[in-house]
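Look at the following model with one stretch of the chain in mind. The text below moves from a helix to the residues around that helix.

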Amino acid sequence: MENELHNFIKVWILAIVSLCYCFYISSKLPKGIFKPFSLTPIIIFFLYLPLTVSSVHLVGITAFFLSWLANFKLLLFCFDQPPLSPPPSNLFHFISLASLPIKLQQKTSSQNKSKPPQRSILFAIKVLILALLYHCYNYKRNLHKNVVLAMYGVHMYIELELTLALAAIPARAMFGLEIEPQFNEPFLTTSLQDFWGRRWNLIVTSILRPTVYYPMRRISTRLVGSRWTSLPAIITVFVVSGLMHELMYYYVTRVAPTWEMTWFFILHGVAVAAEVVVKKVVPEKMRLHPVVSGALAMGFLAVTAVWLFLPQLLRNGVDEKAIGEYCKLMDLLKGLLTF
């Protein structure tokens with residue numbers, strides 16, 4: 001575990017050096033071919049860096065932060081698009097915005113001051129649930145397979161939310177930035193469109209819109225007209241998300257993709273597009289109640305996740321590796337506290 005932490009630190013030192021190059025060199029280049037040309041080696045390098053780490057948790061963080069989010073932000077930067085353009089005047093601000101899963105929000109005096117305590121309570125509850133899940137894994141051989149899969153689903157959601165929330169803390173602490181939450185209580189969703197667009201992993205949603213959705217929408221307007229232009233754009237976004245998830249799974253498992261993950265997202269893209277069509281042609285008073293449509297959406301998510309999303313992780317023993325790493329980390333922390 002200590003060796004993996006050493007590799008993890010080395011990877012992030014190299015990433016920070018690379019982003020310094022982007023800030024001091026690439027950002028000074030004029031518009032045109034020179035900026036994309038200067039950033040291409042960094043994008044390729046960020047695709048390589050996760051391969052130098054093998055720990056499930058550490059490679060997952062590195063791949064998601066650098067190979068997906070940072071690279072997509074750098075692609076936008078190539079064409080002078082936010083969030084990295086115009087570049088912040090502060091180098092550390094640039095590095096944080098490029099490498100961390102954060103999206104800035106404008107602070108207003110009308111913000112509800114009761115939200116932070118509520119979020120703190122929810123955060124603590126989710127930490128307790130995650131600890132309970134790790135404890136329950138000791139007895140998973142006595143549990144039904146679907147119960148174990150449900151536990152993994154809840155585990156992945158909570159661990160991802162906690163990881164993204166913790167990653168945003170340095171930017172908030174150093175710069176006093178107001179950071180938008182990465183999740184908006186997805187279990188309260190009212191539809192698939194609501195789940196994917198407004199509640200689940202909002203940093204990915206915010207980066208896929210300018211890189212995939214808006215360009216595809218402009219293209220599809222010429223092909224299908226303005227009324228249905230969002231449908232090809234929606235499906236394209238889900239295809240790209242599926243391919244990026246395949247890449248993330250490859251970093252974690254190091255086995256050839258089976259494309260189950262891509263089909264999971266294609267299926268959801270088609271379902272969301274169908275939902276958009278229904279909302280356009282069916283009057284609001286004839287639609288399902290949000291509670292009913294939300295329950296159906298969560299049921300669809302659960303069934304398709306068990307069918308296509310989770311099996312690849314289980315086949316390659318990622319769950320066992322993750323649990324083993326957690327136990328080693330707990331033992332290391334206990335040793336440090338004892339010392």
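What follows takes one helix, then a lysine, then an arginine. The model is predicted.

Begin with helix α4, which covers residues 91-99. This helix is mostly covered, with eight of its nine residues buried. The buried set consists of L91, H93, F94, I95, S96, L97, A98 and S99. At the start of α4, N90 places a side-chain oxygen within 2.8 Å of the backbone nitrogen of F92.

Next, turn to K73, which lies in helix α3, residues 56-78. Is K73 buried or exposed? Its relative accessible area is 2%, so K73 counts as buried, the cut-off for that class being under 20%. The side chain of K73 reaches the backbone oxygen of L100 at 3.0 Å, and that distance falls within the 3.5 Å allowed for a polar contact. Leaving aside residues up to four places away in sequence, K73 touches P83, L84, L97, A98, L100, I102 and I207. Two of these names, L97 and A98, also appear among the buried residues of α4.

I102, one of the residues that K73 touches, leads on to R172. The C-alpha atoms of R172 and I102 are separated by 9.6 Å, although the two residues are 70 residues apart along the chain. R172 belongs to helix α6, which spans residues 145-175. With a relative accessible area of 38%, R172 is partly exposed, because this value lies between the 20% limit for buried and the 50% limit for exposed. K73, by contrast, is buried at 2%.

How values were computed:
Residues numbered from 1 in each chain as written. Predicted model: local features only at pLDDT ≥ 70, side-chain atom pairs only at ≥ 80, totals over all residues. Heavy atoms only, no water. Helix = DSSP H or I, 4+ residues; strand = E, 2+ residues; numbered from the N terminus. Buried < 20%, exposed > 50% of the residue type's maximum accessible area, 1.4 Å probe, protein only. Polar contact = N/O pair within 3.5 Å; in protein donor to acceptor, adjacent residues only side chain to side chain. Contact = heavy atoms within 4.5 Å.
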